[in-house]
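Please open the structure in a viewer and keep the sequence panel visible. The tour below proceeds by selection, and each stop states what is to be found there.

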Amino acid sequence: MNPEPYLHIIFLQFIPKRLCGYLPPISVKTMLRCNGKEWAVTLKSGVRKRLVNGWKQFVVDNNLKKGNVLLFELVEATSGVVIFSVEELGLTNA
């Protein structure tokens, strides 16, 4: 059974390996959509995929702190762009 293309991140910027099969193997422009706004970031390829070039601004603009839990829903993934819909689910006990 394949995992759903959803991703839970507890305030980190690396993409779990189980989701990487849904994503392009190269670095691509990525759009994060949250609360009616959009942020341009880069999904960087490498040993571990990660969000860069805009991720810190997304964190600041959404007032995220350690312990915030985000749900990333993969909306689109092509060789040219990746789009995630992001929802804050609250805080963990971390």
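## First stop: strands 2 and 3

Select strand 2 and strand 3, which run antiparallel and are joined by 7 bridges. The model is a predicted one. Within this pairing, select T30; V41 of strand 3 stands opposite. Next, move to the hairpin that these two strands form: 2 residues lie between the strands, and N35 takes a positive phi near 50 degrees.

Remain in this region and display the side chains of R33 and E38. Which interaction do the side chains of R33 and E38 form? They meet in a salt bridge, with a distance of 2.9 Å from N to O. The structure holds 1 salt bridge. R33 is partly exposed, at a relative accessible area of 34%, and E38 is also partly exposed, at 48%.

## The whole chain

Zoom out to the full protein chain, which has 2 helices and 6 strands. Followed along the sequence, these elements give the pattern β-α-β-β-β-α-β-β. The chain comprises 94 residues, of which 35% count as buried. Its exposed surface is about 5900 Å², with 53% supplied by carbon and sulfur atoms. Of the contacts between residues at least 6 apart in sequence, 48% join residues at least 24 apart.

## Strand 6 and its two partners

Select strand 6 (residues 81-91) together with strand 2 (residues 28-34). In which sense do strand 2 and strand 6 pair, parallel or antiparallel? The pairing is parallel and extends over 5 bridges. Two positions may be labelled here: M31 has I83 of strand 6 as its bridge partner, and L32 stands opposite F84 of strand 6.

Now add strand 5 (residues 68-77), which pairs with strand 6 in the antiparallel sense over 9 bridges. One position to label is L70, whose bridge partner in strand 6 is E88. Strand 5 and strand 6 also form a hairpin, with 3 residues between them.

While the strands are displayed, side chains may be shown along any one of them. In a regular strand, side chains alternate between the two faces of the sheet.

## The aromatic cluster

Display the aromatic side chains next. The structure holds 4 aromatic pairs. Begin with W39 and F58, whose rings form an edge-to-face pair at 5.1 Å centre to centre, with 90 degrees between the planes. W39 belongs to strand 3 (residues 37-44) and F58 to helix 2 (residues 55-61), so this pair ties together parts that are 19 residues apart in sequence.

Keep F58 selected and add W55. Is the pair of W55 and F58 stacked or edge-to-face? The pair is stacked, because the ring centres are 5.5 Å apart and the planes stand at 25 degrees, and stacking requires planes under 30 degrees apart. Both residues lie in helix 2, 3 residues apart, or about one turn of the helix.

Colouring by accessibility is useful at this point. W39 is buried. W55 is buried as well, with a relative accessible area of 6%, and F58 counts as buried at 0%. To see the full group, select W39, W55, F58, F72 and F84, which ring pairs link into a cluster.

## The nonpolar core

Extend the selection to the largest nonpolar core, which has 21 residues; L23, L32, W55, F58, F72, F84 and V86 touch the most other members. Helix 1 (17-20), strand 2, strand 3, helix 2, strand 5 and strand 6 each supply at least two residues of this core.

Centre the view on L23. Apart from its neighbours within four places in sequence, L23 is in contact with I15, L43, K49, L74, A77, V82 and F84.

## Last stop: K17

Finally, select K17 in helix 1. Is K17 buried or exposed? K17 is exposed, with a relative accessible area of 71%. Add K49, one of the residues in contact with L23. How far apart are the C-alpha atoms of K17 and K49? They are separated by 8.2 Å, although the two residues are 32 residues apart along the chain.

Key
Residues are numbered from 1 along each chain as its sequence is written. This is a predicted model: local features need pLDDT of at least 70, side-chain atom pairs count only at pLDDT 80 or more; totals for chains, interfaces and linings use all residues. Side-chain values use heavy atoms; hydrogens and water are left out. Two strands pair if DSSP finds at least two bridges between them. Helices (H or I, at least four residues) and strands (E, at least two) are DSSP runs, numbered from the N terminus. Rings of Phe, Tyr and Trp (its six-membered ring) pair if their centres lie within 6.5 Å; planes under 30 degrees apart count as stacked, over 60 as edge-to-face and the rest as tilted. Buried means under 20% relative accessible area, exposed over 50%, partly exposed in between (1.4 Å probe, protein chains only). A salt bridge is a side-chain nitrogen of Lys or Arg within 4 Å of a carboxyl oxygen of Asp or Glu. A nonpolar core is a set of buried Ala, Val, Leu, Ile, Met, Phe, Trp, Tyr and Cys residues joined through side-chain atoms within 4.5 Å. Contact means heavy atoms within 4.5 Å. Accessible areas come from the Shrake-Rupley method with a 1.4 Å probe; for residues, only the protein chains shown count as cover.
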